[in-house]
Amino acid sequence: MITKIKNVHVFRIPANEDIMEYLKNYVEENRINCGAINVIGALKNAEIGYYSTGQKRYIKEYVDEQCEILSGMGNISTIGEEHFVHFHIVLGRRDFWVKGGHLIRGKVFVGEVIIYEFEGECPRIKKELSLWPEDM
Ligand SMILES: [Zn+2]
């Protein structure tokens, strides 16, 4: 697929908002059907996941400290009428070690966002949903 950038959205997520809820609402309100997300900032109470192909589910971990968002990147697609934000994160801890994974939730301390909205559609078809957990 070859596409072009339609719009670039640059904004901050307000403190204490859940990053995933905020991004999903923003994408829905602005009808962004296809795009790439880039976030840096700081996050607390993060829950991250590691997809176990053997168990066919996410193994989850709660990160109980405020962390830097060293790298937050994701993509935007649609599943039927619903917008889907898929987002991965690298969290920098106080001891300078990092944790990362598929971001399930986390409250923003600072969230600086750039969304590159692409022209066209990015629908996900059923057979590509193997990583789409039913409990999320
Ligand atoms: Zn993922």
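The following exchange concerns the fold, core, strand pairing and confidence of a predicted model.

Colleague: What pattern does the protein chain follow, read along the sequence?
Modeller: The secondary structure comes to one helix and six strands. Read along the sequence, these elements are arranged as β-α-β-β-β-β-β.

Colleague: What is the radius of gyration of the protein chain, and what would a compact globule have?
Modeller: The C-alpha atoms fill a box of roughly 45 × 40 × 25 Å along the principal axes. A compact globule with 136 residues would have a radius of gyration near 14 Å. The protein chain agrees with this, its value being 15 Å.

Colleague: Among contacts between residues at least 6 apart in sequence, what percentage join residues at least 24 apart?
Modeller: Buried residues make up 22% of the 136 residues in the protein chain. As for the contacts between residues at least 6 apart in sequence, the share that joins residues at least 24 apart is 75%.

Colleague: Which residues of α1 are buried, and on which side of the helix do they lie?
Modeller: An α-helix has 3.6 residues a turn, so residues three or four places apart point the same way. In α1, the buried residues cover an arc of only 60° around the axis, and therefore lie on the same side of the helix. The face turned away from that buried side carries the exposed residues E28 and E29. The buried residues, on the same side of α1, are I19, L23 and V27.

Colleague: Which strands do the buried residues of α1 pack against?
Modeller: The helix spans residues 19-29, and I19, L23 and V27 are its buried residues. Their packing partners are β1 (5-13), β2, β4 (67-79), β5 (82-92) and β6 (98-118).

Colleague: Which element gives the most to the largest nonpolar core?
Modeller: In soluble globular proteins, nonpolar side chains tend to be buried together. Here the largest nonpolar core has 23 residues, and those with the most contacts inside it are I19, I37, L43, A46, I76, L91 and L103. Two or more residues come from each of α1, β2, β4, β5 and β6. The element that gives the most, with six residues, is β6.

Colleague: What is the bridge partner of L43 in β6?
Modeller: β2 and β6 run antiparallel and are joined by 13 bridges. Leaving aside neighbours within four places in sequence, L43 is in contact with I19, C67, I69, L91, G106, K107, V108 and F109. Of the residues in β6, the bridge partner of L43 is V108.

Colleague: Which residue of β3 stands opposite I48?
Modeller: β2 and β3 (residues 57-63) run antiparallel and are joined by seven bridges. They form a hairpin with four residues between them, and K56 in the turn has a positive phi of about 55°. Within this pairing, G49 stands opposite K60, while the residue opposite I48 is E61.

Colleague: In β4, what is the bridge partner of A36?
Modeller: β2 also pairs with β4, to which eight bridges join it in an antiparallel arrangement. The partner of A36 in β4 is N75.

Colleague: Is H86 buried or partly exposed, and which residues does it touch?
Modeller: H86 is found in strand β5. It counts as partly exposed because it has 15 C-beta neighbours inside 10 Å, and a buried residue needs 20 or more. The C-alpha atoms of H86 and G74, twelve residues apart along the chain, are separated by 5.3 Å. Not counting residues up to four places away in sequence, H86 touches G74 and N75.

Colleague: Where does N30 lie, and how many C-beta neighbours inside 10 Å does it have?
Modeller: N30 lies in the loop between α1 (19-29) and β2 (35-52). R31, which follows α1, has a positive phi near 50°. The C-alpha atoms of N30 and E61 are separated by 31 Å. N30 counts as partly exposed because its number of C-beta neighbours inside 10 Å is 14.

Colleague: Over which residues does pLDDT stay under 50?
Modeller: The mean pLDDT of the protein chain is 91, and 91% of its residues reach 70 or more. Where pLDDT is low, the predicted coordinates should not be read in detail. The model has five contacts beyond four places in sequence for the stretch where pLDDT stays under 50, namely residues 127-136.

How values were computed
Residues numbered from 1 in each chain as written. Predicted model: local features only at pLDDT ≥ 70, side-chain atom pairs only at ≥ 80, totals over all residues. Buried ≥ 20, exposed ≤ 12 C-beta atoms within 10 Å, placed from the backbone. Arc of directions from axis to C-beta. Contact = placed C-beta atoms within 7 Å. Core = buried A, V, L, I, M, F, W, Y, C linked by C-beta atoms within 7 Å. Rg over C-alpha atoms; globule rule 2.2 N^0.38 Å. Pairing = 2+ DSSP bridges. pLDDT = per-residue confidence, 0-100.
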